[in-house]
Amino acid sequence: SNSRKTPMGANQGKQPPPAPPNGPPQQNDPVRNSIVNIRSTVETLDKRMSHLETKASMEHEKAKKLYAAKNKRGALMCLKRKKIFEAQIDKIAQSKMTLENQIMTLESSKVNQEAFQAMRQGAETLRTVNMGMDVDHVEETMDDIREQIEVSEEIGNAIAQPVGAMADLDDDDLNAELNAIGQEEVEAQLLAAQPVPAHVPPAAVTAPVSAAPAQKTAAQLEMERLEAELAI
């Protein structure tokens, strides 16, 4: 056959590339990729600074030993190398500060971008919701609602109108009759409240001269006795 056989063990030493700690890289997110790259550079600068600081410290120790051994020239050379290392450390520190500032700026820009995308999505949603509505349409609908409410009220008033014999009654006549009944009731109460006279003057009682004296009843006798007592 023309197919080639892969030697055994040829792919055993190959390992798949490790996945990044935060999942697969987002190729369509340049801001995030830039932040990741800058942070990697900052880590490299930190390692470089630590290495240079170690070398500067070593040169300082060498200078002290050479100076103690009366080798002033060798001590000065060590101090010069130390100053060179320290100058490189200062430059790296400045570069590191600039990169960290860029990270903060990119992170802020990322937040602004996400906020803008959220606002734009909200605006599109509102546009979709309001697509079937406009001011004129809403005003027409509200006019229809008010009109139907007025129609309902008119229907209710028409249903409440009296019909038949009730429709022929006059409210003015009914009120006049009611007032007359009230007046009669008041007059009856006034008459009931008037006191009955306890004593009738003798002059008010006139008896015919020619009339024969009538036989008095027990009630009349009792009344005369009470009148006599009251006169005393």
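In the predicted model, the side chain of Glu59 forms a polar contact with the side chain of Arg81, at 3.1 Å. Glu59 lies in helix 1, which spans residues 30-68. Its relative accessibility is 8%, so Glu59 counts as buried, the cut-off for that class being under 20%. When residues up to four places away in sequence are set aside, Glu59 touches Cys78, Arg81, Lys82 and Phe85. Arg81 thus appears both among the residues touched by Glu59 and as the partner in the polar contact.

Helix 1 also contributes to the nonpolar interior. The largest nonpolar core has 13 residues, and those with the most contacts inside it are Ile38, Val42, Leu52, Ile92, Leu99 and Ile103. At least two residues of this core are supplied by each of helix 1 and helix 2, the latter covering 72-129. Helix 1 provides the largest share, eight residues. In soluble globular proteins, nonpolar side chains tend to be buried together. Leu99, one of the core residues with the most contacts, touches Ile38, Thr41, Val42 and Leu45, again leaving out residues up to four places away in sequence. Of these neighbours, Ile38 and Val42 are also listed among the core residues with the most contacts.

Nonpolar side chains are found at the surface as well. Val129, Met133, Val138, Met142, Ile145 and Ile149 make a nonpolar surface patch of about 510 Å². The largest share of this patch, four residues, comes from helix 3, which runs over residues 135-160. Ile149, a member of the patch, is found in helix 3. Its relative accessible area is 45%, so Ile149 is classed as partly exposed, a class that lies between the 20% limit for buried and the 50% limit for exposed residues.

Over the whole chain, the secondary structure comes to six helices and zero strands, and the order of elements from the N terminus is α-α-α-α-α-α. Of the 232 residues in the chain, 9% are buried. Among contacts with a separation of 6 or more, 72% are accounted for by residues 24 or more positions apart. The accessible surface of the chain amounts to about 20300 Å², and carbon and sulfur atoms hold 58% of that area.

Notes:
Residues numbered from 1 in each chain as written. Predicted model: local features only at pLDDT ≥ 70, side-chain atom pairs only at ≥ 80, totals over all residues. Heavy atoms only, no water. Buried < 20%, exposed > 50% of the residue type's maximum accessible area, 1.4 Å probe, protein only. Polar contact = N/O pair within 3.5 Å; in protein donor to acceptor, adjacent residues only side chain to side chain. Contact = heavy atoms within 4.5 Å. Core = buried A, V, L, I, M, F, W, Y, C linked by side-chain atoms within 4.5 Å. Patch = residues over 30% accessible without salt bridge, like charges linked within 9 Å, V, L, I, M, F, W, Y side chains within 5 Å. Areas by Shrake-Rupley, 256 points an atom, 1.4 Å probe, with all protein chains shown as cover. Salt bridge = Lys/Arg side-chain N within 4 Å of Asp/Glu carboxyl O.
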